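Colleague: I am new to this structure. Please show it, and then let us go through it.

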Amino acid sequence: MITRDMAGGAAASLIGAFYLYYASQLRPSSLADSVGPQGLPLVYGWLTLGLGFILLAQALIAVLRASPADHAKQADAWTGQGRRTLWAAGLLAFAAGYLLIVEALGYLLSLAILIPAVAIYLGARIGWRPVAVGVGGAVVLWLMFDKLLGVDMPEGVLRGLGL
Amino acid sequence: METLLATLPFLLDPSILIAAFVGVTWGILGGALPGISPSITMALLLPFTYTMDPGAAIVLLASTYVGAEYGGSVPAILIRTPGTNAAAATVLDGYEMNLQGKAGLALGISLYSGFIGSMVGLILLMLLSAPLSSVALAFTPPAYFALGILGLSVIATLSGDSLVKGLIAALLGLIIATIGTDPVTGSNRFTFGSADLLGGIEPVMIMVGLFAMSELLAQASQRGEVNKIRSRPRIEFPDWPLAKRLIPSQLIGSTIGSFEGVMPGAGGTIASFMSYNEARRWSKYPEEFGKGSPEGIAAPESANNAVAETAIIPVLSFGIPGSNSTAILLGGFLIHGLQPGPMLFVQAGDVIYGLYAGLFVAIIGMMIMGIAMLPLCVWLVNRPLPYLNAVILALILSGIYSIHGSLFDVGLMLAAGVLGFFMRMLRFPFLPTVLGLVLGFLVESNFRRSLVLSGDDYMIFVDDRISLALLVLSGLFIFGSLARRAVAALRKENRTAFSEGSDG
C-alpha cells in the first residue's frame with residue numbers, strides 16, 4: 001500500500017537525484033571561488049535525496065506499525081484522487097490552450113474564449129451568461145492591462161482595429 | 001522636532017496632497033492585481049513624472065509604493081492569491097478567515113494594521129534616517145548570509161507536523177533559486193540552453209503558481225464538492241478587545257518591518273514571514289495561526305507596510321536602492337536631476353520634507369481609499385464560483401504576462417501551479433518553499449563572497465559580530481522548535497501508553 005508520505009518521499013528522492021545529476025554536469029571555472037557554481041547545488045541535491053529517503057523510510061515504518069483500521073483509512077485516502085487529478089488537468093489544459101492561441105488571436109479574443117469555456121468547465125450552465133461574463137471580463141481586463149496600465153498585450157487578428 | 005516643523009508646511013501643499021492620493025490609489029489597484037508588483041506599478045508612472053514638480057513626482061512614486069504594499073493583501077484574503085510577494089504571509093490566515101465568513105474583518109484588520117505599520121515606519125524614517133543608515137553600512141557579506149540563515153530558520157516552526165517535509169519543501173525553493181546565472185562567476189546554471197532562464201525565475205511567478213494556480217487546480221478537482229462561503233459585504237474594523245489583542249503582533253511586525261526595510265535586499269517578504277513567525281511564538285493563542293488568527297494578518301501587514309517607509313532610508317541617505325521598488329524611486333530622483341545621498345538633505349531639503357508630508361498624507365489616503373474600494377472587492381468575492389475562478393485564471397495569466405511580456409513566464413507559473421497541486425495532495429507545506437526561493441540568492445551569494453574575502457576561512461562567520469549574533473539567534477530558533485516537537489511527541493507517546501495500559 002502506497003501512502004502519501006511514501007509518494008512524497010519517492011518524488012523528493014527522484015527530484016534530488018535528477019538535480020544532482022545536472023549539478024554534477026556544471027563545469028567548474030578556473031576563475032571560480034572555492035565553492036564554485038556547483039558547490040551549493042550539490043549540497044541541496046544530496047540533502048533532497050537524503051531527506052527523500054528518510055521520508056520514505058518513515059512512511060514504510062509507519063505502514064508496518066499501522067493497525068488494520070489505519071490501513072483501511074490510508075487506502076481510502078486515495079479514493080477518487082485519479083478523477084480529481086484529471087479534472088485539475090482539464091483546467092490546466094485550458095490555460096495551456098490559451099498560451100497557444102493568444103498570440104495568433106490576440107489578448108481580447110483569447111480571453112473572450114477562455115473565460116466562458118473555463119466557467120462552463122467548472123460548472124456554469126451553458127447559456128448567455130457565460131458568454132456575457134466572458135466578453136465583459138475580457139473587455140474589463142483589456143482596458144485595465146492594455147489601456148490603463150499600458151502593458152503591451154498581444155494584438156493578434158484585431159491588430160488592424162487597434163485592439 | 002526640527003524635522004517635524006520643516007515637514008508641516010508641506011501638508012498644505014495641494015500638489016503634494018494630490019500626488020499622495022493619486023499615488024496611493026494607483027498603488028492599491030496595482031498591488032491588488034496578482035503579478036503586478038509594486039515596482040511595475042511605480043514604473044508605469046515614471047513617464048508621467050517627467051513634467052511634474054520634483055517634490056510631487058517623488059511623492060507620487062513613494063505613495064504608489066505605500067498603496068501597493070497594502071493592496072497586495074486584498075486578493076490574498078479574498079482569493080488566496082498574494083497581490084505582492086510581501087502579502088504571501090497574509091494568505092495563511094487571511095484566506096482562512098474568508099472561508100469562515102469573516103472576509104470583511106480580515107480586510108479591516110489588514111487595513112488597520114497596515115496603517116499602524118506605515119505610521120511607525122514613517123516616524124522611524126523621519127527620526128532615524130542617519131543612525132539606521134549607519135547600521136546598514138555595517139552589514140558585511142557574512143552578516144547578510146547570517147540574515148538569510150535566520151530567515152530560513154523559521155522553517156523549523158512553519159513546517160507543520162513533519163519537519164522532514166518542511167525541509168524538503170525549503171530545498172525545493174533553494175533549488176529553484178539556483179536556476180539562472182551564478183551570482184559569483186556569472187556562468188549559467190540549469191538553464192538548459194534557454195535564454196528565458198538566464199535571469200533566473202522571479203519569485204512572484206512561483207508564488208502565484210503555488211498559491212493561486214494550485215488553488216484553482218484544487219477547486220477544479222473538487223467540482224461540485226466545494227461549499228462556497230459567502231462573505232458579508234461589509235468592512236469591519238476590530239473592536240477594542242480585538243484591537244488590544246492585536247497590539248503585540250503589530251508591534252512585532254512594525255519593529256521587524258522597520259529593521260528589514262533598512263537592510264538592502266531583505267525586504268517585505270522576509271519581514272512579513274519573520275513577523276508572522278514571531279507573532280505566533282509570542283501569541284497567547286499560537287494554535288489559531290494558520291486557521292484564521294487575526295494576529296496572523298496583523299503581524300505581516302504591519303511589517304510589510306513598515307518596510308515601505310524604512311526601505312526609503314538607504315535611498316535617501318546613500319542613493320542605494322535595496323529593492324526593485326526603491327530602484328524606481330531612485331529613478332524618479334535622477335529624472336529630476338536630484339542625486340540622493342548625504343548632500344540631498346543639504347541641497348534639496350524641501351524635497352525630503354515634502355516626501356515626509358506626502359507619505360503621511362498617503363497613509364491617511366490608504367485608509368480612505370482602502371475603505372472606498374473594498375466594498376467592490378467584497379462584492380466580487382460573492383460571485384458564483386465558476387465565473388469567479390474563470391476570471392481569476394484570466395487575471396493571473398494576464399498579470400504574469402505583464403511582468404516581462406513573456407508567455408514563457410506564464411508557462412513557468414503554470415508549472416509552479418502543478419507543483420503546488422501535487423504538494424497539496426502529498427501534504428507538503430508551501431511556506432518553506434517560498435522562503436527558500438526568496439532567500440536562496442541572498443544566502444548563496446553572501447556565503448561565497450564571505451569565503452572569497454576570508455580566503456576560505458569559515459571563521460569569518462564567527463568573527464563578524466553581527467553574523468555571530470544572527471547565527472546564534474537562528475540556532476536558538478531551531479533548537480527551541482526541535483525541543484518543542486520532542487516534548488510534544490513524548491507527551492503523545494505517554495498518552496498512548498497510558499491508554500493502552502488502561503485497556504490492559
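**Confidence, a helix and a contact**

Modeller: In chain A, helix α5(A) has the highest mean pLDDT of the elements (95), and helix α3 (residues 68–77) the lowest (68). Here pLDDT is the predictor's confidence in each residue, from 0 to 100, and helices (H or I, at least four residues) are DSSP runs, numbered from the N terminus. This is a predicted model, where local features need pLDDT of at least 70, side-chain atom pairs count only at pLDDT 80 or more, and totals for chains, interfaces and linings use all residues. Residues are numbered from 1 along each chain as its sequence is written, while chains are lettered from A and ligands numbered from 1 in the order in which they are written.

Colleague: Where do the buried residues of α1(A) lie around the axis?

Modeller: Buried means that 20 or more other C-beta atoms, placed from the backbone, lie within 10 Å of a residue's own. In α1(A), such residues include A:Gly8, A:Ala12 and A:Tyr19. The buried residues cover an arc (taken from the directions from the helix axis to the C-beta atoms) of only 165 degrees, so they lie on the same side of α1(A).

Colleague: What covers the buried residues of α1(A)?

Modeller: Contact requires C-beta atoms, placed from the backbone, within 7 Å. The cover includes a helix of chain A and another of chain B: α2 (36–65) of chain A and α11 (163–177) of chain B.

Colleague: How many residues does the contact take from chain A and from chain B?

Modeller: On the side of chain A, α1, α2, α4 (81–105), α5 (107–121) and α6 (128–148) each supply at least two residues. The contact takes 51 residues from chain A and 49 residues from chain B.

Note on methods
A residue is buried if 20 or more other C-beta atoms lie within 10 Å of its own, exposed if 12 or fewer, and partly exposed in between; C-beta atoms are placed from the backbone. Two residues are in contact if their C-beta atoms, placed from the backbone, lie within 7 Å.
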